[in-house]
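Here is a walk through one protein model, written for someone who would rather be at the bench. Keep the structure open beside the text and follow along.

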Amino acid sequence: MLELMDLGHGYESRDWLFRHVSHTVSAGQVTAVLGPNGNGKSTLLRCAAGLLRPREGQVRSATAVGYVPQIGHTVFAYRALDMVLMGRARHVAMFSVPGREDEAASYRALERVGAAHLAEHAFDTLSGGERQLVLIARAVASDSRTLVLDEPCSALDLRNQSTVLGLLRDLADEGMGVLITTHHPDHAREIADHALLMGNGAGVVSGPTAQVLDDTALGELYGVNARTFTFTDNGHVRHVIATWRRDESSSEGT
């Protein structure tokens, strides 16, 4: 549904952020992008969403792409429902206004992310986490078949993190393609079929999440010690990842 073909990008003031990134976001699958700050994860997603032209390579999309940024702002006092309605723009004819079906679809999207109670609230009065839920609802309301989300859980409390992770997995199971960035390896382990690891000068490692996102890879990616604990909860396999700083004088950690 979304194909990244040998992408590379960097800004004038610095060298390449990344090069030779190739990956296909397929229908029914979630891809998670992980890596330290400053390695181009957000830039990669902006290229994937068509908001930024890569310096090299090409992006191909077979469907409309819905994009959710890390932070959302507006200078106008829009209702949360109005913000979600903006996601319906491509369904509204030129010189027309959103109709009842557009408003109903927007309200359903708010319900799906657990934010229907915010519909009449002014967007600029919401907390960061509440704004994030509204922006995710906007992408869902767009009926795009591919979603690109930059750290969708970054401002959310534990309950809403669980809600959003479950929603993204459900959307993929319904046939959507989902591409996210995250600083939570356990989130990637929980919902992602594939992972892209963007490290410091080491290029990009990609593959099935269970294969590429092991303790050794996490340790090398972030410069920490990592250990995964696995348990079963009502028939579901869960992963908890513990990390701690490496002692500069010992490979055993502190």
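## The three-stranded sheet

Start with Leu2, which sits opposite Ser61 in E4. That pairing belongs to a predicted model, where local features need pLDDT of at least 70, side-chain atom pairs count only at pLDDT 80 or more, and totals for chains, interfaces and linings use all residues. Residues are numbered from 1 along each chain as its sequence is written, and side-chain values use heavy atoms, with hydrogens and water left out. Helices (H or I, at least four residues) and strands (E, at least two) are DSSP runs, numbered from the N terminus.

Strand E1 covers residues 2-9 and pairs with E4 in the antiparallel sense over five bridges. Two strands count as paired if DSSP finds at least two bridges between them. Step back and you get an open sheet of three strands in the order E2-E1-E4, with antiparallel pairing. Strand E2 (18-25) and strand E4 (56-61) are the edges, each pairing on one side only. On average, neighbouring strands here are turned by 15° against each other, direction ignored. For angles like this, axes are lines fitted to C-alpha atoms (for helices, over the stretch in contact), and values run from 0 to 180 degrees between N-to-C directions.

Helix H1 (residues 41-48) lies across E1, E2 and E4, running at about 130° to E1.

## The six-stranded sheet

There's a second open sheet, this one with six strands in the order E5-E6-E7-E3-E8-E9 and mixed pairing. Its edge strands are E5 (65-68) and E9 (204-208), and each pairs on one side only. The twist averages 15° from one strand to the next.

Helix H5 (residues 158-173) packs on this sheet, touching strand E3 (29-34), strand E6 (146-150) and strand E7 (177-181). Contact here means heavy atoms within 4.5 Å. The direction of H5 makes about 135° with that of E3. Over at the E9 edge, strand E8 (residues 194-198) runs antiparallel to E9, and five bridges join the two. If you want a spot to zoom in on, His194 stands opposite Pro208 in E9.

## Salt bridges

How many salt bridges does a search of the whole structure find? The count is 12, taking a salt bridge as a side-chain nitrogen of Lys or Arg within 4 Å of a carboxyl oxygen of Asp or Glu. One of them joins the side chains of Glu56 and Arg19, at 3.0 Å from N to O. That pair links distant parts of the chain, with Glu56 in strand E4, Arg19 in strand E2, and their positions 37 residues apart. Arg19 counts as partly exposed because its relative accessibility is 36%; the scale calls a residue buried under 20% relative accessible area, exposed over 50%, and partly exposed in between (1.4 Å probe, protein chains only).

Arg189 and Asp215 make another salt bridge, with their closest N and O atoms 3.9 Å apart. This one also ties together distant parts of the chain: Arg189 is in helix H6 (residues 185-191) and Asp215 is in helix H8 (residues 215-222), 26 residues apart. Is Arg189 buried or exposed? At 16% relative accessibility, Arg189 counts as buried, whereas Asp215, at 26%, is partly exposed. Shared partners also build a network of salt bridges from Arg79, Asp82 and Glu120. Within that group, the side chains of Asp82 and Arg79 meet at 2.9 Å, N to O. Asp82 is partly exposed at 23%, and so is Arg79 at 26%.

## The hairpin and two unusual phi values

E10 (residues 224-233) is home to Phe231, and E10 pairs with strand E11 (residues 236-245) in the antiparallel sense over 10 bridges. Thr230 has His239 as its bridge partner in E11. The hairpin has two residues between the strands, and Asn234 takes a positive phi near 50° there. Asn234 lies in the loop between E10 and E11 and is exposed, with a relative accessible area of 73%.

Most residues other than glycine have a negative phi. His20 also has a positive value, about 60°, although it is not a glycine. His20 sits in strand E2 and is exposed at 53% relative accessible area.
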